[in-house]
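Please keep the sequence beside you while you read these notes, and look up each position as it is mentioned. The points start from one loop and then move outward to the rest of the chain.

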Amino acid sequence: MSIEYKVIGRNIRSARKAKKMTQEAVAEAIDMSPQHFGKVERGDRTINLQRLGQLSVLLDVPLESLVTGCVVADD
């Protein structure tokens with residue numbers, strides 16, 4: 001089983017845009033550099049559960065919605 005961080009990034013981006021927030025505003029609110037946050041949204045960097053929880057609260061979405069579809073079964 002593997003985790004697709006690109007899917008998590010797309011889910012985060014979608015929730016952020018629905019809240020009409022910039023990457024910079026979200027990054028500042030969770031004490032992350034805008035550059036690192038951009039990489040998270042692109043799926044180039046991993047994100048831990050604590051940060052996902054912060055994003056869930058900030059963006060007012062269930063944590064589950066940020067990770068929906070990210071687990072892929074290995075063949």
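1. A good place to begin is D60, which sits in the loop between α4 and α5, the latter covering residues 63–67. Please keep in mind, here and throughout, that this is a predicted model. With a relative accessible area of 61%, D60 is exposed, because a residue counts as exposed when this value is over 50%. Its backbone also deserves attention, since D60 is not a glycine and nevertheless has a positive phi of about 55°. Most residues other than glycine have a negative phi.

2. A second residue to look at in this way is K20, found in the loop that joins α1 (5–18) to α2 (23–29). Here too the phi is positive, at about 55°, although K20 is not a glycine. K20 has a relative accessible area of 75% and is exposed.

3. Turning back to the helix that comes before the loop of D60, we meet S56, which belongs to helix α4. Is S56 buried or exposed? Its relative accessible area is 12%, and because buried means under 20%, S56 is buried. The side chain of S56 reaches the backbone oxygen of V61 at a distance of 2.5 Å. If residues up to four places away in sequence are not counted, S56 touches V61, P62, L63 and L66.

4. The same helix deserves a further look at L52, which is placed in α4, running over residues 49–59. L52 counts as buried, at 6% relative accessibility. Which residues is L52 in contact with, once its neighbours within four places in sequence are left aside? They are I8, I12, I47, L63, L66 and V67, and of these I would ask you to find I8 and I12 within the range given for α1 (5–18). As a check on distance, L52 and E64 are 12 residues apart in sequence, while their C-alpha atoms are 9.6 Å apart in space.

5. For a residue with an intermediate value, please consider H36, whose place is in helix α3, residues 34–42. At 30% relative accessibility, H36 counts as partly exposed, because this class lies between the limits of 20% and 50%. Leaving aside neighbours within four places in sequence, H36 is in contact with R45 and T46. H36 and I8 are separated by 28 residues in sequence and by 14 Å in space, taken from C-alpha to C-alpha.

6. With these residues located, the overall plan can be read: the protein has 5 helices and 2 strands, and along the sequence they follow the pattern β-α-α-α-α-α-β. The radius of gyration is 12 Å, close to the 11 Å that the globule rule gives for 75 residues, so the protein is as compact as a globular protein of that length. Its C-alpha trace spans about 40 × 25 × 20 Å along the principal axes.

7. Some totals for the whole protein complete the note. Of its 75 residues, 29% count as buried, and among contacts between residues at least 6 apart in sequence, 65% join residues at least 24 apart. The protein exposes about 4800 Å², of which carbon and sulfur atoms supply 52%. Finally, there are 11 positive and 10 negative charges, and the mean positions of these two groups are 7 Å apart.

Note on methods. Residues are numbered from 1 along each chain as its sequence is written. This is a predicted model: local features need pLDDT of at least 70, side-chain atom pairs count only at pLDDT 80 or more; totals for chains, interfaces and linings use all residues. Side-chain values use heavy atoms; hydrogens and water are left out. Helices (H or I, at least four residues) and strands (E, at least two) are DSSP runs, numbered from the N terminus. The radius of gyration is taken over C-alpha atoms; the globule rule is 2.2 Å times the number of residues to the power 0.38. Buried means under 20% relative accessible area, exposed over 50%, partly exposed in between (1.4 Å probe, protein chains only). Contact means heavy atoms within 4.5 Å. Accessible areas come from the Shrake-Rupley method with a 1.4 Å probe; for residues, only the protein chains shown count as cover. Lys and Arg count as positive and Asp and Glu as negative; His and the chain ends are not counted. The place of a charge is taken as NZ of Lys, CZ of Arg, CG of Asp or CD of Glu. A polar contact is a pair of N or O atoms within 3.5 Å; within protein, one must be able to donate a hydrogen and the other to accept it, and residues adjacent in sequence count only if both atoms are side-chain atoms.
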